[in-house]
Amino acid sequence: MDEQQLSRGTKAWWWVAGVVVIVYALFPVAWIVSLSFKTPSDLANLQFLPTNWVWDNYDNILAGDAQDLFLSALRNSIGISLIATFISVVLATFCAYAIARLDFPGKRLILTTALAVAIFPVISIVTPLFNLWRNIGLYDTWPGLIIPYLSLTLPISIWTLSAFFRQIPWELEQAAQVDGATTWQAFRKVIVPLATPGVFTTAIISFFIAWNDFVYGISLTSTEAARPVPAALAFFTGASQFEEPTGAIAAAAVVVTIPVVILVLLFQRRIVSGLTQGAVKG
Amino acid sequence: MAAITLKDINKRYGDGFHAVKDVSLDIADGEFVILVGPSGCGKSTLLRMIVGLEDITSGELRIGDERVNEKAPRDRNLSMVFQNYALYPHLTVYENIAFPLRLAKTPDKEVDERVRRASDLLELDEHLDRKPANLSGGQRQRVAMGRAIVREAQAFLFDEPLSNLDAKLRGQMRTEISRLQKRLGITTVYVTHDQVEAMTLGDRVVVLRRGVVQQVDSPRELYENPVNLFVAGFIGSPPMNFISATVVGDQLHTPFGEWTLPASRSADLSGREVVLLGARPEAFEDASVVSDTVRDHGVTFDATIDVIEWLGNEQYAYVPYEAPEDIRARLAELERELDSEALRTQLVVALDASSRVPEGRPAKLWLDLRRVHVFDPESGDNLTVKAMSARGERVVDAGAATAAPAGEAAAETGETPTVP
């Protein structure tokens, strides 16, 4: 909508609505940040701001008692999510390219199967997977998590990327072939550079899915060998049996949010729309 | 540079659609050949088969002395300009032009030399560092041409390269393409649906209709001696006028009077009842401005002009008339095939700019009978041209791409095959 066409009243309402949505979405986040700076005695005082700002909780998870639990979980999370994202994006790029470009029997089948896998409830396959993984020795290992993560990230990657590939004019590839490129060269030198924004978008989505997973993380791991952060948070303990580790969990939650924020900031420049502009006329 | 030979080329798509039927064509080395026809006539398919982006169902395609049916596009060493240019948006103009050379692993120094030479030729020097998105339509078009000429390809293929430009730019680029081709002397196949481009650019023009070659000839031959109704209606703007006539002995009874064709134009009409007469707009004239020396070669008749368009250098007059229902249906069908729509049967007459014929009142018009064609309304054949060929007055056998016109045309253009 053109801003100038909005009357002042309408504009004000848009502002109010926008602020409401932002507060609704960000208030819990702000609350967690605030919690992470509170002292244990402050935790339940029902005030938004801490009476004393302290770094104790961060000390605790990064250098204190919870250090072993948290840092190994962080390492697992980063490693597993990155590997799962990488594999998923590479496989999905080839798959989506084939789906967008070639006409082969079973094309629809692949797409519908991918969709079916994506909407299949995770919880219903966790138990069989748990048994299978224990039998074949994948339980509590990195591959043991990477493989199920691929089942979550591949479908959405294939769908996003094939939609993206369809936007690229096919003439570009034909032009490259006439110019002397092999199919592979045309793909690598023309299609891939143009698909980069799509690949980055897909990579970020895949990374978030893997990064945020809890069900697989808690069910298919038992030690710090492979346990990712969301699962590890559940194993935090308070200073005594009767004390909830709320502050430490809040601090850990803030720490695991930071990579996500950094990733988005880093790559939002790469997610520019309209990169294909100028390739073809109208 | 090489000759391109098509022999009985057919294209049948998976769904059974027969897009190109038995096309045979000899394109001589250095010749500029135009494939023209209304949309859906198979001209682009034919071009894409030559370049290798479309499989050939049957027939043989030779480039130079080599059969290339089974070769991939990259092994045919042809260069092509696409209708939408298909520039690589992530590369600069320089790298776009250099792309074919980079693929061929040409040394950097030579790449630079050749890109600069091409950009110089196309006046792209100041744009070399820009991205295609920042260029105007005409500049993008030139970049696409640069990418085509930078490589020493055996032939250039153009797929409606000017259809995305506005009218003025189209005229300029047309001249540029013509100049460039003459300068480089490279075999060129050019697809267009615009008959003006076809007439102005080509050494020879191939008119296609529903995948079948109608006529292969020089623009002049196409205009003056079209072999059938389709070619006659397609070539020329405004198009040729068609008038129904009943054959009565030697005479032709038309809505405008009873005419007798001169010997040079007559054909054997015995046994025919109805024919279609074809006359270009410029075969008509305001009877009052026709000089006495030529007046006897034509007929004068009365007609009511309802609209006049004055263009400065000439004027067009529109004369509606009644035609029999079956002829009207035949003409409407022809118009549909030519991508236009006939609202009424009318003559379009080009008059001298000085003529002061009034609108809406009867006027005396003159028709030069030496420039009238007789068509068979059923088959569409041009009986006049057939009769002329039979009498040996016409050298070129229409409809067949024999070696004779190819050689002729090559001699015309092959004079200065200089590479820049």
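1. A good place to start is the overall layout of chain B. In this predicted model, the centres of domain 1 of chain B and domain 2 of chain B, taken over C-alpha atoms, are separated by 38 Å. Domain 1 runs over residues 4-224, and domain 2 over residues 238-385.

2. There is also a record to set beside those bounds. An unreviewed UniProt entry places the annotation "domain: ABC transporter" on residues 4-235 of chain B. In the model, that span is 36% helix and 25% strand, and the C-alpha atoms at its ends lie 25 Å apart.

3. Next, the contact between the chains. How many residues does each chain bring to it? Chain B gives 26 residues and chain A gives 23 residues. On the side of chain B that touches chain A, at least two residues come from each of strand 6 (78-81), helix 2 (93-103) and helix 4 (137-149) of chain B. By class, that side of chain B holds 17 nonpolar, five polar and four charged residues.

4. Two of those elements, helix 2 and helix 4 of chain B, also pack against other helices of chain B, so here is a little background. Two packed helices are described by the angle between their axes and the distance between the axes.

5. Take helix 4 of chain B and its partner, helix 5 (residues 167-184) of chain B. Their axes are 11 Å apart, at an angle of about 15°. Because angles under 35 degrees count as roughly parallel, helix 4 of chain B is roughly parallel to helix 5 of chain B. The crossing of these two helices of chain B is right-handed.

6. Which residues make that contact? From helix 4 of chain B come Gly137(B), Gly138(B), Gln141(B) and Ile149(B), and they meet Leu169(B), Met173(B) and Leu184(B) of helix 5 of chain B. The classes here are four nonpolar and three polar, with no charged residues.

7. Now for helix 2 of chain B, which packs with helix 3 (residues 108-121) of chain B. Their axes come within 10 Å and cross at roughly 130°, so helix 2 of chain B and helix 3 of chain B are oblique to each other. This crossing, too, is right-handed.

8. Finally, the residues behind that second packing. Helix 2 of chain B contributes Tyr94(B), Ile97(B), Ala98(B), Leu101(B) and Arg102(B), while helix 3 of chain B contributes Val111(B), Arg114(B), Val115(B), Ala118(B) and Ser119(B). Sorted by class, the contact of helix 2 with helix 3 of chain B has seven nonpolar, one polar and two charged residues.

Methods: Residues are numbered from 1 along each chain as its sequence is written. Chains are lettered from A and ligands numbered from 1 in the order in which they are written. This is a predicted model: local features need pLDDT of at least 70, side-chain atom pairs count only at pLDDT 80 or more; totals for chains, interfaces and linings use all residues. Two residues are in contact if their C-beta atoms, placed from the backbone, lie within 7 Å. Helices (H or I, at least four residues) and strands (E, at least two) are DSSP runs, numbered from the N terminus. Ala, Val, Leu, Ile, Met, Phe, Trp, Tyr, Cys and Pro count as nonpolar, Asp, Glu, Lys and Arg as charged, and the others, Gly among them, as polar. UniProt positions are given in the numbering used here, feature names are shortened, and annotations may be inferred rather than shown by experiment. Domain bounds come from an automatic or database domain assignment. Axes are lines fitted to C-alpha atoms, for helices over the stretch in contact, and angles run from 0 to 180 degrees between N-to-C directions. Angles under 35 degrees count as roughly parallel, over 145 as roughly antiparallel, 65 to 115 as roughly perpendicular and the rest as oblique. A crossing is left-handed if the near helix is turned anticlockwise from the far one by less than a right angle, and right-handed if clockwise.
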